[in-house]
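Thank you all for coming this morning. I would like to walk slowly through one structure with you, beginning with a sheet and then moving on to a few single residues.

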Amino acid sequence: MAIQRLFLALLSLHGLSTAIPVDGPLPNRNLRTVKRQTLSDGSQIDWVPLDSQTPSGKVASPPPGSLSPKIAIVNSNDPLQPKAELQLPGAEQGPAGTVPVLVADNATLPMQRSKSAPPGSPGAELRKRAVGDHWYASSAQAVNNHGGSASYSIYKAWTESDNDFSLLQVAVTRYNVPKPGDNSQTATQTLEAGWINYPAQIQSPHLFTFFTTDGYQTLADNKGGWNRDVAGWVQVDSQIFPGTAFGPLSVRGGAQYEIKIQYLLYQGNWWLWALDRWIGYYPASLFSNGTPAAGSLADHSDHIHYYGEIYDSHPQLTKTDMGSGNFPEAGFGQAAFMRKLVYTDTNEADQYYDGSGAIIVSDTNRYRMVTQFGNRDDWGSYMYLGGPGAGGQTDA
């Protein structure tokens, strides 16, 4: 019951937000742009010197292969791997010694707190009907961890408007952290990553990251924000970055594609794995600035969450799809999934994820999830999730 109350507290912070358009491009803070490049969907990246991202000019080394996500034997029925745009043959690359960073042009800054809150009773379904609502098909496990990994099916979820978003994601979380700058209060710290369709942010569905050090109260350099819209993220890979679009995408009744996403706390940094490589990291010291490290996300996470989420920007109930738009009961080839769900324990060993203690679904008439935790075959722990939103019609 305690975990449900904690997860409801996270939703009350993370789920009550609004998107604020930003006029014109934001500078890539404290970075020197060598080259700017426009991608096929109209988004832009800056190629910046790798060593320009840290005050010392030193960039951390990624975890060794032994700590990389385990690659299961590929069966003929397994989903396929897509490619990032910069991985395609003939794709324009950056100058030697540089890495790509998304330009926050026409970006949206999320997480403006609302005065209202979801019901606080354990196990209660969230039934909020107002502008700014977030709707969930979610799970969580209370366990000390150094991150976790999963494979995500990648559909282009239909959105009713560009200001809606639809995502599948992981969040590694530390609750009741003495609030940075005011240790008499407490705050929630999270690292988040996943697959999102958010046209107001980037036109194509894409990989995203988000972090908060103070319970979503501050969007600022080294405090919290999306991708590299604010300083904090350190990009290491030369082809895959927060904001990357992949292709091909899954098609209902057709080919299925997936990407693997993992966070891992390693040598003082929270590293992110995407597709088939470590792509960059958040320094763990972001989370201990102004608060004791041992009580913060700098030391470990105490909960891990895998879930789907919809942001509803309308006064009426949104028709935005979650996943493929089909309910999870449609199964493989028709519904979105997250599989091979694991958490990494504090001894760096992967363990089967079990989120059955905190299943929260906002409205089963709109979105649902079907779970199988502790499964021991190729899929491991997994979930199907999704739905068509208000009206119950896929691609409304």
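Before we look at the sheet, we need one term, because two strands are said to pair here if DSSP finds at least two bridges between them. Please also keep in mind, as we go along, that what you see is a predicted model.

With that term in hand, we can turn to an open sheet of seven strands, whose order is β12-β11-β10-β9-β18-β7-β21 and whose pairing is antiparallel. The edge strands are β12, residues 224-226, and β21, residues 360-361, and each of these pairs on one side only. As general background, the strands of a sheet pair through backbone hydrogen bonds, and this can happen in either a parallel or an antiparallel way.

Let us take one pair from this sheet, namely strand β10, which covers residues 186-197, and strand β11, which covers residues 206-212; the two run antiparallel to each other and are paired over seven bridges. If you would like a single bridge to find on the screen, take Ala 193, whose bridge partner in β11 is Thr 209.

Staying with the strands of the sheet, I would point you to Asn 176, which lies in strand β9, residues 165-178. Its phi is near 55°, which is a positive value in a residue other than glycine. Tyr 216, which sits in the loop between β11 and β12, also has a positive phi without being a glycine, with a value near 70°. Which of these would you call buried, and which exposed? Asn 176 counts as exposed, because its relative accessibility is 54% and the cut-off for exposed is over 50%, whereas Tyr 216 is buried, with a relative accessible area of 2%.

Next, please find Val 99, which belongs to strand β5, residues 98-102. Why do we call Val 99 buried? Its relative accessible area is 2%, and buried means under 20%. What does Val 99 touch, once we leave aside its neighbours within four places in sequence? It is in contact with Asp 46, Trp 47, Val 48, Leu 50 and Gln 53, and also with Gln 235, Val 236 and Asp 237. Although Val 99 and Asp 46 are 53 residues apart along the chain, their C-alpha atoms are separated by 8.0 Å.

Finally, I would like to show you the peptide bond between Gly 247 and Pro 248, which is cis, with omega at about -5°. Pro 248 itself lies in the loop between β14, residues 246-247, and β15, residues 258-266.

Notes. Residues numbered from 1 in each chain as written. Predicted model: local features only at pLDDT ≥ 70, side-chain atom pairs only at ≥ 80, totals over all residues. Heavy atoms only, no water. Helix = DSSP H or I, 4+ residues; strand = E, 2+ residues; numbered from the N terminus. Buried < 20%, exposed > 50% of the residue type's maximum accessible area, 1.4 Å probe, protein only. Contact = heavy atoms within 4.5 Å.
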